[in-house]
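Trainee: I would like a close look at one part of this model. Please take me through a strand and its neighbours, step by step.

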Amino acid sequence: MANCLYFQCKTIYANMWIELDPEHKPSVSHSFIKAEAFLGVVLDNLSSLIKGEIGLIMGVDEEMNKLSSTLTTIQAVLEDAEQKQLESKPIQNWLCKLNDLAYEIDDILDECATQVSIMEHQRSSRYSLKKILFRRKIGRRMKQVTAKLDVVVAERAKFHLREMPIDRPRELAATRETGSILNESHHVYGREEDKEKIVDILLNHVKDNQEISILPIIGIGGLGKTTLAQLVFNDQRVVEHFDKKLWVCVSDNFNLNTLIKAMIESLIGTGSASDLIQLDTLQRRLWELLNQKRYLLVLDDVWNDHQEKWYALRNVLACGSLGASIIVTTRQKKVVDLMRTLPTHNLTGLLEEHCWMLLRERAFGQEKDEYPNLEIIGKEIVKKCAGVPLAAKALGGLLRFKRTEKDWIYVKESEILDLPQEETLILPALRLSYHHLPLALRQCFAYCAVFPKDSEIQKEELIFNWIAHGFISSKGVLEVEDVGDEVCNELVLRSLLQDVPDGRRNFFIMHDLVHDLAQSIMENKVPGTKNIRSASNDKIRQVNLLNKYVAFPKCSRPEIDMSYILKNYGRLRILDAKLTRIKELSSAIGNLKHLQYLNLSATEIRTLPDSLGRLWNLRILNLNYCSDLFALPQSMRYLKNLRHLFLEDCASLSETPSKISELTHLRTLSVFIVGHNRGNQLEELQCLNLGGKLEIRHLERVKNPMDAKKANLGEKKNLRHLSLLWEGNNESKLTEDTDEKVLEALEPHPNVETLEINGFNGRCFPAWMTNSTLKKVVEISIVRCQNCLRVPQLKELPHLKTLRLENMGIEYILEDEVHGGKTVSIEFPFLKELYLCDLPNLKGFFKDHVLREVSPNLLEITILRCSSFKLPPLSSFKLMHKLICSSSTLASVSKFDSLTTLWVQIDNNTTRIPIETLKSLANLETLVINLRDEVCVLPDEGLRALKSLARLTIEKSKTLTCLPQGWLQHLSTMETLYIFGCTEFVELPEEIKHLNSLATVGLDDLPNMMCLPNALQHLSSLQYLHLEDLPQLDSLPDWLGNIASLKDLYIRNCPKLASLPTSIQGMQNLKYLIVEDCPQLERRCQRGKGEDWHKIAHIPYLRID
């Protein structure tokens, strides 16, 4: 399984790169969240405080109301100011002043709300000396900021700004008007397949449909939706097939009269409907033109997502004959879901070669001269286009008449948003999507620019960041997290965020050009200008310690460490120190009174200071994977606003802070440890409205089942993942009875989706495990339940997809028998993953010998250390693609046709893998051989029978020094080779040079490897080299620089490695370098001053820890 860990590690680190600017100086930017968006946040906060009479309590009610009035007045002209700043430096400076004040106001309001909240919880007199002094201080600051704001407001008059509704899209610009004529049909590249697919649907699949057929084309701005629609519209086959063709550019104006008039004019000429005013007259005229006609209507650039407006238009159009069709182009999935009757055509980006054709055509026109030097640079430039034709044409136009390498290199090394927008028009085209967003969503979208390009954005993390910055708040019955979920869904529906391609839920990606758009908005930056400002410390709201950046503005701060942060950034909302090596946290953390989100996950921290309890505004505390953390401060009970406390995999943690029940806002408590004293018992969970994951440890400490009942799990409707853990091996009869009654009392709410029972000493499982209580459960794990000799009858659970049974004494998975020849239904009909481990008594699936169909949808099976188990023929599992088992189990089965992944552990009973087995693995793509200190014997032919093998991992051997000769012969499809945990391994065979597809090599936990295997230098396709836990490796060879294809070099825990070879300077394709836990090498690679810095200064993405 090591190769899986390797690729997980690669994924984690891929999201942690620091991108350096061409000169490797700390980048600075003009950045704050755009004025119109952030001012909306401040106004919402201010309105909430006024409504809650906070101003009256603090004695600043008059100032608050005046502030609200002034800010509302300014907000009305911001839309016009945002547009005019593109051409006006004074307006740009005015907006910057306004932003500065907005941040100052936000801090004051935050302090007011905090103080009132503390007063309410402490129930102390508001007239104490300390509170009177605070009120006086706040009043003085409020008057000062109001005076500053009055000065800024007075400047507004000289700019002649118009009041504009900020929650309504701007009016349609004439340049956005589209038509059906395509003048450049012979200059459209890469859309032939898309066109043919749509034409085929129109001509062959819907020609007999009685209802209107509606086919949407969706994609981000500039992707070529209109061009594709024009190609289809003007195709000769389409022209001959339809009686009538109409083209209407809809854009912002979905007015029924306007649209019908445009359709009539599209059919019979401009001005033909000018005398038709009444809706009824327009409808009748259109009906006369389209009645019983097979028509094709293109509705281009649709933004309307109002049902009634669309239904009204659809009713007017329901007069055509069979096969009448509509093509809709849009950027928004909401529009698609509203209008479509056919599958959506999701338009993807062009290939780089097609983008290059477009760019070259615009840059060189009809010139016949050859510019090979510029073409090389141009093919790098098209990577900026991210498949968007508009970007390719725009950059080509920018390079028109430019014939020097200097000009082309400037474009190559510039960000899209630094190029002159009046010439490229890329961001202005995309900015329409931003202006169609409701105001409340704008700052949420712009914030996404904080994440690096190409990174996967975790949904939960994104929502927590929005919460911490105050961009979202609860709304009616919806909690703030639910509002965040709605915002995410809305951004996906508007094509501004995209679900990750592999279908994993809760992760998003952002198109590169959409990221550029978000960045230009977040930075409030005038496109085409250079960044000129950095923020003062009191404007910094967010810090990422691992990547050494701060926001806002987002800029690199290589010098920061935890002590610097705590001393200088007193107004932080987010402090992210995940994956850093910090071992302790200073008591100064208590001074960050505005802090809302503290992430210390995967650090080496052991304890937290008592001053943590002073973080009154803290809402999210992430301590996941802090394996050394053994105690939490008792002061945590004072974190009254805490909503999420993450403690997953904190194995050393001995107890939960007492009286956790006092944290009434808590929504996530991933671990609760039952203690011995009052304040640490299960009753602490009774009134907490917990959701997400909950793991309850040390249930053996519960002596009275009534105490378990007090946990009130049955009422926690938001709980999705529940783990119940007992420790110790007390197997007395009294313990058995107690455990059974405790488990019975811990019946969860029916909404639970995953359930783990670990260490349970009872003999029988409760009835709720087989009844409707678990009707939504998709995964069940039963581990270390030695006294249980029967598995609960889980086959009735309608949605069970994963079943894990480990370390039990069971003999059969299903023990109910068939009687009287009755027809038996399919067992576990929806099960996809089955994990069986350490079940020495397990004999089979069924106790009876009646052949039944089991788990026809099973995709993955794991069978380890189940010596008596006989696996049914794999032909029974027609969909299964992954098998994890021992070599003995592998030898006992046949027919592996469907397998694509095999993890096999060599055992002493079967060390030989026969050729017949290998030949039956014709579709195998991933093979992991765990030698388990045994010798694996392959046939003379090696692995050549594995014609589809792409990934091979060899792991856990004490004797293997080199892969045996012949193992790797003829593996022409192999892309990844990973060697892990082999004590004596030092060399790779020469035959590796024939693996022309090998792109990734990982060498991990090889304690005797002193130098890189020489065979690596012959790999012409190597792109990724992973070196980890090589304690004897003391140098890298100079020939490493000859591997011209290498893009990614990862070096971790190689303490003897003292320097990098000089040849690395010439590796122009090397884009990523990570160095971790290599003290000598880290010292030599220090930015700007290390002895090896000059060797790596050219590498764009560096991480030297």
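Mentor: What follows is a walk around one strand, then a few other spots. Keep in mind that this is a predicted model.

Start with strand E30, which covers residues 926-930. Is E30 mostly covered or mostly open? It is mostly covered: five of its five residues are buried. The cut-off for buried is under 20% relative accessible area. Now look at where the side chains go. Thr926, Val928 and Asn930 point one way from E30. Leu927 and Ile929 point the other way. Residues on both sides are buried.

Next, find the neighbours. Which strands pair with E30? One is strand E29, residues 901-905. E29 and E30 run in the parallel sense, and five bridges join them. Pick out Trp903, which stands opposite Val928 in E30. Val928 is one of the residues pointing the same way as Thr926 and Asn930. Another partner is strand E31, residues 951-957. E30 and E31 also pair in the parallel sense, again over five bridges. Here, look at Thr926 of E30: its bridge partner in E31 is Arg951.

Now leave E31 and follow the chain on. The loop between E31 and strand E32 (976-982) holds His970. Check the backbone there. Phi of His970 is near 65 degrees, a positive value in a residue other than glycine. Why does that deserve a look? Most residues other than glycine have a negative phi. His970 has 54% relative accessibility, so it counts as exposed.

Compare that with Asp301, in strand E4 (residues 295-302). Phi of Asp301 is also positive, near 60 degrees, and Asp301 is not glycine. But Asp301 has 14% relative accessibility, so it counts as buried.

Last, turn to a pair of helices. Helix H14 spans residues 352-364, and helix H15 spans residues 372-381. Their axes come within 10 Å and cross at roughly 130 degrees. The two helices are therefore oblique to each other. H14 passes H15 in a right-handed crossing. Which residues make the contact? From H14 come Trp356, Leu359, Arg360 and Phe364. From H15 come Leu374, Glu375, Gly378, Lys379 and Ile381. Sorted by class, the contact has five nonpolar, one polar and three charged residues.

Key:
Residues are numbered from 1 along each chain as its sequence is written. This is a predicted model: local features need pLDDT of at least 70, side-chain atom pairs count only at pLDDT 80 or more; totals for chains, interfaces and linings use all residues. Side-chain values use heavy atoms; hydrogens and water are left out. Axes are lines fitted to C-alpha atoms, for helices over the stretch in contact, and angles run from 0 to 180 degrees between N-to-C directions. Helices (H or I, at least four residues) and strands (E, at least two) are DSSP runs, numbered from the N terminus. Angles under 35 degrees count as roughly parallel, over 145 as roughly antiparallel, 65 to 115 as roughly perpendicular and the rest as oblique. A crossing is left-handed if the near helix is turned anticlockwise from the far one by less than a right angle, and right-handed if clockwise. Contact means heavy atoms within 4.5 Å. Ala, Val, Leu, Ile, Met, Phe, Trp, Tyr, Cys and Pro count as nonpolar, Asp, Glu, Lys and Arg as charged, and the others, Gly among them, as polar. Buried means under 20% relative accessible area, exposed over 50%, partly exposed in between (1.4 Å probe, protein chains only). Two strands pair if DSSP finds at least two bridges between them.
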